[in-house]
Amino acid sequence: RPSGDLSNAAELPADVAAVIAKSLPENSADLLLLQQQFQRVLHVALPATVGVELGEWSGSGVVVSPEGLVLTAGHVVGQPEQPVQFVFADGTRAEGKMLGINRQLDCGMMQITDAGGPWPFVRQSTAEQLRMGDWVIAVGQPGGFHADRSPPVRLGRVLYEDDEIINTDCTLVGGDSGGPLLDMQGLLVGIHSRIGRRLTSNFHVPIRAYRNDWNRLLAGEVWGGPLAADDPQVDRPLLGLAGRRAGDACLVTQVFPNMPAAQAGIPAGDLLMDVDGKSIATPEQLSALID
């Protein structure tokens, strides 16, 4: 198996960073650079993405240490200390056990118990926050392991983020739960949690939610109530636009179809200067005022 160590993917080449900073690729050269970086990330991320099997039920997970620590969604874990089997993209299988669960935020942790390591793994992002419009990559093992299919991958963008949820337009399907969401440096930024009402609006738990409760998850603790039955979109404002600071205003760089910004007639290229008389200059300020 490839090592899965992301040390060789931690820094973006300058030309790739310039393309990613654009609202959209502008030409075939931009698309080629984006594709090459996408492939670099997948070379490291795919070996660390695992199928999670518990009886006839399956989900996804991602290995985050050479010792075989696995992060997944809380609803994938079930109960601590239960035995579980992991399936890597090359068909390798490993035995493991369930660890802790934060049911409120849908965080879960598992451990490979086989002695076959070191295991391929991804490194976690230490960034405090993603920005609306950031490129992200979703990987998972929906439907379990298939010998003639590598883990499906999807490229998308961040629509919204706060301390407890990331909303992206990366398509998720049943069985993706627990799989990794990565940035274009190949760093883990979130774990797939819930499918939204639309294919282009799905939800992930930020990696910092795991870091905040790392020791409790590692110790096998279980806490928090059941996940809300309602779709998170009911309670969370989703504007459906991406932007960046432009002087004293917020420049709209992208508007996502069929979402409130598009329905309100806001086009890409608009400068947003205030909300109800309160000045804004960044997408974060805009979100804070509307939240």
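Reader: What makes the six strands a barrel, and in which order do they close?
Author: In this predicted model, the order is 7-8-9-12-11-10, with antiparallel pairing. A strand here is a DSSP run of E with at least two residues, numbered from the N terminus. Neighbouring strands of this sheet are turned by 45° against each other on average, direction ignored, using lines fitted to C-alpha atoms as axes.

Reader: How do you know that strand 11 and strand 12 pair?
Author: Pairing takes at least two DSSP bridges. Strand 11 (residues 188-198) and strand 12 (residues 201-206) have five, in the antiparallel sense, so they count as paired. Arg 198 stands opposite Ser 201 in strand 12.

Reader: Which strands does helix 2 lie across?
Author: Helix 2 (residues 28-45) crosses strand 7 (135-139), strand 8 (153-161) and strand 10 (180-183), and runs at about 40° to strand 7.

Reader: Why is the largest set of residues called a nonpolar core?
Author: Its 50 residues qualify because they are buried (under 20% relative accessible area, 1.4 Å probe) Ala, Val, Leu, Ile, Met, Phe, Trp, Tyr or Cys, joined through side-chain atoms within 4.5 Å. Val 63, Leu 71 and Met 110 touch the most other members, and helix 2 gives the most residues to this core, six. Apart from it lies another core of nine residues, including Ala 138 and Cys 170.

Reader: What are the ground rules?
Author: Residues are numbered from 1 along each chain as its sequence is written, and side-chain values use heavy atoms, leaving out hydrogens and water. As the model is predicted, local features need pLDDT of at least 70 and side-chain atom pairs 80 or more, while totals for chains, interfaces and linings use all residues.

How values were computed
Helix = DSSP H or I, 4+ residues; strand = E, 2+ residues; numbered from the N terminus. Axes fitted to C-alpha atoms, helices over the stretch in contact; angles between N-to-C directions. Contact = heavy atoms within 4.5 Å.
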